[in-house]
Amino acid sequence: MPAEIQDSAQLLAVMYTEGSRAELLYFVRRDGQFVCEGRGDAFIGRCGLGKEREGDGKTPEGHFRALSAFGILPDPGTSLPYRRLTPATIACDREGPYYNTIIETAPDGPQCEGERMMDMDPEYLYGIETDFNSECIYPLGSAIFIHCKGRKEWTEGCVAVDRELMKHILQTADSGFVILIHGKDWTGWRGIEKVFGISLAI
């Protein structure tokens, strides 16, 4: 079992199904076993899995860590560091020192072009920042979040879930919990158990 999974008290597993759709299960570790506490369908990138570069519309595949949480709405009571979004909050997606970071651009803060996060309503009512491309290398991709579903049945590369499930995850998860995003070649949830040497109670 990878050390990051062994140390994680929660696990968010995203299994690609077809197109821009996936199945999502949220597990909490109890007595050495990951027990499912939330399940639902999810939307992923408009071009599926396998992110290669900025703007390709794909969701990255692999396992990642949850770094922090954010939202247009007030903190729902999460133990993750929580950023309340403002009109000045930008997810920087341009080459430079702030690439793949969330910054406050006003009044005298750093400057970078990117996604004005307050405009993403209802998607960013609640969200989780992942450690994808943690070295912030341009143009490998930026702003890969877990967030609420919006009006479209796809994302630009994030994973979108139902708002109530998103809120539940925030209220029960710890900073650094593991996010698994994998495709059909994993032959379902039992494939994840086999590959990572973990036990899942579904």
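## Aromatic pairs

Scan the whole structure and five aromatic pairs turn up, where a pair means that ring centres of Phe, Tyr or Trp (its six-membered ring) lie within 6.5 Å, with planes under 30 degrees apart called stacked, over 60 edge-to-face and the rest tilted. Bear in mind that this is a predicted model, in which local features need pLDDT of at least 70, side-chain atom pairs count only at pLDDT 80 or more, and totals for chains, interfaces and linings use all residues. Numbering starts from 1 along each chain as its sequence is written, and side-chain values use heavy atoms, with hydrogens and water left out.

Take Phe64 and Phe132: they meet edge-to-face, 6.0 Å centre to centre with 75 degrees between the planes. Phe64 sits in strand 4 and Phe132 in the loop between strand 9 (127–130) and strand 10, so this pair ties together parts of the chain 68 residues apart, with helices (H or I, at least four residues) and strands (E, at least two) being DSSP runs numbered from the N terminus. Both Phe64 and Phe132 are buried (buried is under 20% relative accessible area, exposed over 50%, partly exposed in between, using a 1.4 Å probe and protein chains only).

Tyr99 and Tyr138 make another edge-to-face pair, at 5.0 Å centre to centre and 80 degrees between the planes. Here the partners are 39 residues apart, Tyr99 in the loop between strand 6 (89–92) and strand 7 (102–104), Tyr138 in the loop between strand 9 and strand 10. Tyr99 is buried, at 1% relative accessible area, while Tyr138 is partly exposed at 38%.

## Core and cluster

The largest nonpolar core (buried Ala, Val, Leu, Ile, Met, Phe, Trp, Tyr and Cys joined through side-chain atoms within 4.5 Å) has 41 residues, and Ile128, Phe145, Val159 and Phe177 have the most contacts inside it. Contributors of at least two residues each include strand 1 (10–18), strand 4 (62–71), strand 10 (145–148) and helix 2 (163–172). Another core lies apart from it, with 10 residues, among them Leu11, Leu25, Phe27 and Ile198.

Phe145 is worth a click: it joins Phe70 and Tyr124 in one aromatic cluster. Beyond its neighbours within four places in sequence, Phe145 has contacts (heavy atoms within 4.5 Å) that include Ala91, Ile102, Met117, Ile128 and Val159.

## Hairpins

Strand 1 and strand 2 run antiparallel, joined by eight bridges; strands count as paired if DSSP finds at least two bridges between them. Glu18 stands opposite Arg21 of strand 2. Two residues separate the strands in this hairpin, and Gly19 in the turn has a positive phi of about 55 degrees.

Strand 2 also pairs with strand 3 (residues 33–43), again in the antiparallel sense, over 10 bridges. Ala22 has Ala42 of strand 3 as its bridge partner. This hairpin has two residues between the strands, and Asp31 takes a positive phi near 55 degrees.

## Two side chains to look at

Thr89 belongs to strand 6 and is buried, at 0% relative accessibility. A polar atom of the Thr89 side chain lies 2.9 Å from the backbone nitrogen of Thr86. Leaving aside neighbours within four places in sequence, contacts of Thr89 include Arg83, Ile102, Glu115 and Met117.

Lys149 lies over the face of Phe43, 4.7 Å from the ring centre; the test is NZ of Lys or CZ of Arg within 6 Å of the ring centre and within 35 degrees of the ring normal.

Notes. A polar contact is a pair of N or O atoms within 3.5 Å; within protein, one must be able to donate a hydrogen and the other to accept it, and residues adjacent in sequence count only if both atoms are side-chain atoms.
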